[in-house]
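Biologist: Could you take a single part of this model and go through it slowly, explaining each term as you reach it? I am in my first year, so please keep the parts connected as you go.

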Amino acid sequence: MADKKDAKVPAKAEKKSDNPNFELYFPRKCSATNRLIPSNDHASVQFNIGNLNAHGVYIGTSETVSFSGFVRSQGASDFHLNRIAAEKGLMKNLFRMAGADKFKTVKVANDQE
């Protein structure tokens, strides 16, 4: 009986293992929580949001956003997608109060006697 060490690995597998950049699994991080998304999280999703030019035509690049199943189960993925898209400059910031830049700040003098 031959040892497992002496067993010949198929040529196809040898070719893949010769490449130093070859990986079977690339872990993803949740864009909302920055936690790693495990391979058994089947509720997780990944979006590729295409970048557009001024005329609204796709220019060939995209931004990737991933959400874990935990964020989706909390119902917070829509909120975080809007937040992340605004941070990356893909859309206007929906969380900024409308007209906030028009308010004037008034300094109140302290009543010190």
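Modeller: Let us start in helix α3, where R83 and E87 both lie, four residues apart, which is about one turn of the helix; helices here are DSSP runs of H or I with at least four residues, strands are runs of E with at least two, and both are numbered from the N terminus. This is a predicted model, in which local features need pLDDT of at least 70 and side-chain atom pairs count only at pLDDT 80 or more, while totals for chains, interfaces and linings use all residues. Residues are numbered from 1 along each chain as its sequence is written, and side-chain values use heavy atoms, with hydrogens and water left out.

The side chains of R83 and E87 meet in a salt bridge, with 3.0 Å from N to O; the term stands for a side-chain nitrogen of Lys or Arg within 4 Å of a carboxyl oxygen of Asp or Glu. Side chains of opposite charge can pair when their charged atoms come close. R83 is partly exposed at 22% relative accessibility, whereas E87 is exposed, with a relative accessible area of 57%. For these words the cut-offs are under 20% relative accessible area for buried, over 50% for exposed and in between for partly exposed, using a 1.4 Å probe and protein chains only.

The helix also has a buried set, made up of H80, N82, I84, A85 and A86. Among the elements that cover these buried residues of α3 are β4 and α2 (69-73), where contact means heavy atoms within 4.5 Å.

Strand β4 appears again just past the helix, in a salt bridge between the side chains of K88 and E63, at 3.5 Å from N to O. K88 lies in the segment after α3 (77-87) and E63 in strand β4 (residues 58-67), so this pair ties together parts that are 25 residues apart in sequence. K88 is partly exposed, with a relative accessible area of 40%, and E63 also counts as partly exposed, at 26%. In total, the structure holds two salt bridges. G89, which follows α3, has a positive phi near 80°.

To place β4 itself, we can look at its partner strand. Strand β3 (residues 45-52) runs antiparallel to β4 and is joined to it by seven bridges; two strands count as paired if DSSP finds at least two bridges between them. Within this pair, Q46 stands opposite S66 in β4. The two strands form a hairpin with five residues between them, and G56 in the turn has a positive phi of about 85°.
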